[in-house]
Amino acid sequence: MQDHVWQAVLGEIELSVTRASYVTWFKNTRLISQENNSVVIGVPNVFIKQQLETKFTDLIKTTLQNNGISPKQIEYKIHSGLVNKRPKEESQPALHVETPSSSTSGSTTQKTTSSLTHKYRQGLNERYTFDNFIVGSGNELAHAACQAVALNPGKKYNPLFLYGGVGIGKTHLLQAVGNEVMKQNKNAHVVYVSTEQFVQEFIDAVRYKKNTDFAGYYRNADVLIIDDMQFIAGKDKTQEEFFHTFNALHQANKQIIISSDKPPKDIPTLEERLRSRFAWGMSIDMQNPDFETRCAIIQTKASDSDAELSQEVVAYLAELVESNIRELEGALNQLLAFCEMRGLTPDVQIAKTLLGSVKSRPKHVSAKQVVERTAKYFDVSMDEIIGPKRDKDIVVPRQIAMYMLRSELHLSFPKIARELGRKDHTTAIHSVEKIERELAFDPSVKDVIETIKERLYA
Ligand code: ADP
Ligand code: MG
């Protein structure tokens with residue numbers, strides 16, 4: 001069987017399973033061989049192998065039959081080269097980014113990037129690559145856009161703006177772009193900077209009168225990656241400086257990539273002219289990974305640590321942590337470390353004992369429960385808290401409920417507004433921000449929230 005037949009088989013399968021299933025289980029498979037009534041399919045890891053064996057073998061058989069192949073046996077082989085192999089259309093020879101330095105003769109020898117000490121490599125961590133990023137529902141679009149940008153910086157989607165909740169892979173993708181660009185061209189000026197650092201450097205530059213160094217460094221970038229843009233809120237002078245940097249780079253067709261925990265329109269006190277600049281390119285909303293994607297992430301991280309996890313343990317972890325992949329990794333690492341020290345094989349029982357007691361798991365809690373718990377704490381009724389009244393003794397509980405929906409369940413602002421009977425999501429933004437501010441300097445607010453949380457997860 002030739003590869004195009006397998007591509008046809010995949011095409012059919014894609015139509016009969018969900019998008020997320022397809023991306024997670026099928027997208028990175030390929031045909032290894034077909035002989036004597038047996039078909040061997042290459043898969044990226046053991047978890048995908050198990051899933052295909054147990055859940056999808058019938059589907060694969062039928063689809064093969066539809067394409068004129070009736071193997072007696074289907075075998076799955078782990079093929080390490082397949083881990084998140086890039087889609088075909090993007091593996092063409094990459095275009096080199098423009099280099100300001102005249103000679104590019106060295107760029108054809110693409111050796112490892114680890115020995116680079118170029119100062120325009122600052123801020124990049126080689127740990128984050130496309131290869132170790134699991135593509136699934138929620139991040140697929142962001143991943144595709146980042147790959148496109150990495151292979152063609154400054155040409156497409158400029159600026160690229162990624163936004164989404166905590167721990168869902170924004171920094172990982174941004175860094176992967178930077179690393180990939182450096183891999184394509186080791187002379188590229190890639191600058192990765194957190195917004196906080198950018199703000200700090202700007203303040204220092206002004207203080208020590210080194211504005212020109214600062215501006216020069218950033219305006220000389222081929223690719224400027226700026227992470228967590230929400231922290232520029234309220235920093236007027238820095239916004240102005242960034243605005244000029246942005247214009248200089250954009251005009252020169254240099255790539256700008258930005259991340260934030262919310263879309264530009266929801267970043268308070270973001271200057272209108274920056275907001276409109278961000279709208280020039282592409283904004284992508286990153287969503288929480290679904291169950292299957294979380295499973296795939298755990299399995300990959302486990303095998304990176306040379307640990308074997310049963311499907312049950314993987315599923316248990318994936319259910320335990322639903323949104324934040326950093327927490328998911330944390331739970332996995334805790335489990336692996338615990339078992340390694342004691343020479344145990346991880347199982348669900350151990351995982352439960354070790355991690356099950358961890359409170360603040362959004363898992364068992366619905367939005368309604370959060371609102372109910374909050375209302376109950378303040379002794380107001382559900383009708384009141386979601387109703388129209390604006391008395392202070394109802395407004396505060398309502399704001400706290402909104403804050404809790406954000407901090408515990410990571411709901412979007414429009415959803416939060418809806419849960420509390422509000423049409424306008426800016427009310428939710430203002431409420432969450434107000435409580436965040438109060439939390440910073442009023443310990444009694446913190447106590448209230450802690451108490452509600454305790455009761456919520458009790
Ligand atoms: P964010 O910047 O959105 O808060 P990070 O990019 O820091 O989140 O991701 C948190 C952790 O989860 C990192 O260690 C990252 O490598 C990992 N991670 C997130 N998404 C994925 C993914 N799809 N595949 C593999 N690892 C991921
Ligand atoms: Mg981040």
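This is a short talk on one protein chain and the ligand it holds.

Morning, everyone. One thing up front: this is a predicted model. Every value I give is computed from it.

Let's start with the whole chain. It has 458 residues, and buried residues make up 48% of them. We count 19 helices and eight strands. The chain exposes about 22400 Å². Carbon and sulfur atoms supply 50% of that area. Now take the contacts between residues at least 6 apart in sequence. Of these, 73% join residues at least 24 apart.

Next, the ligand. Where does ligand 1 lie? It lies between domain 2, residues 116-286, and domain 3, residues 291-355, because both give residues to the shell around it.

That shell has 19 residues. Ile134, Gly167, Thr171, His172 and Arg326 come nearest. Sort the shell by class and you get seven nonpolar, seven polar and five charged residues. Which helices each supply at least two residues of the shell? There are three names to note: α5 at 170-184, α10 at 291-304 and α12 at 325-342.

Now the polar atoms. A nitrogen atom of ligand 1 is 2.8 Å from a polar backbone atom of isoleucine 134. A nitrogen atom of the ligand also sits 2.9 Å from a side-chain N or O atom of lysine 301. For arginine 127, the distance is 3.4 Å, from an N or O atom in its side chain to an oxygen atom of ligand 1. How much of the ligand's own accessible area does the protein cover? On its own, ligand 1 has 550 Å², and the protein covers 96% of that.

Stay with helix α5 for a moment. I want to show you two of its residues.

Threonine 171 is found in α5. We have already met Thr171 among the residues that come nearest to the ligand. Is threonine 171 buried, exposed or partly exposed? Its relative accessible area is 24%, so it counts as partly exposed. Leave out residues up to four places away in sequence, and threonine 171 touches Tyr192 and Asp227. With aspartate 227 there is a polar contact of 2.6 Å, side chain to side chain. Tyrosine 128 is 43 residues away along the chain, yet its C-alpha atom is 8.4 Å from that of threonine 171.

Glutamine 175 is also in α5. This one is buried, because its relative accessible area is 3%, and the cut-off for buried is under 20%. Its side chain reaches the backbone oxygen of glycine 123 at 3.0 Å. Beyond its neighbours within four places in sequence, glutamine 175 is in contact with Gly123, Leu124, Asn125, Tyr128 and Tyr192.

Last topic: the backbone. Most residues other than glycine have a negative phi, and most peptide bonds are trans. Here are three places to check against that.

First, proline 159. The peptide bond from asparagine 158 to proline 159 is cis, with omega near 0°. Proline 159 lies in the loop between α4 and β4.

Second, asparagine 253. Its phi is positive, near 60°. Find it in the loop between α8 and β7. It is exposed, with a relative accessible area of 51%.

Third, aspartate 379. Phi is near 65° here, again a positive value. Aspartate 379 lies in the loop between α14 and α15. It is exposed too, at 71% relative accessible area.

That's my tour. Turn the model around and find these residues for yourselves. Thanks.

Methods:
Residues are numbered from 1 along each chain as its sequence is written. Chains are lettered from A and ligands numbered from 1 in the order in which they are written. This is a predicted model: local features need pLDDT of at least 70, side-chain atom pairs count only at pLDDT 80 or more; totals for chains, interfaces and linings use all residues. Side-chain values use heavy atoms; hydrogens and water are left out. A residue is near a molecule or strand if one of its heavy atoms lies within 4 Å of it. A polar contact is a pair of N or O atoms within 3.5 Å; within protein, one must be able to donate a hydrogen and the other to accept it, and residues adjacent in sequence count only if both atoms are side-chain atoms. Accessible areas come from the Shrake-Rupley method with a 1.4 Å probe; for residues, only the protein chains shown count as cover. Helices (H or I, at least four residues) and strands (E, at least two) are DSSP runs, numbered from the N terminus. Ala, Val, Leu, Ile, Met, Phe, Trp, Tyr, Cys and Pro count as nonpolar, Asp, Glu, Lys and Arg as charged, and the others, Gly among them, as polar. Domain bounds come from an automatic or database domain assignment. Buried means under 20% relative accessible area, exposed over 50%, partly exposed in between (1.4 Å probe, protein chains only). Contact means heavy atoms within 4.5 Å.
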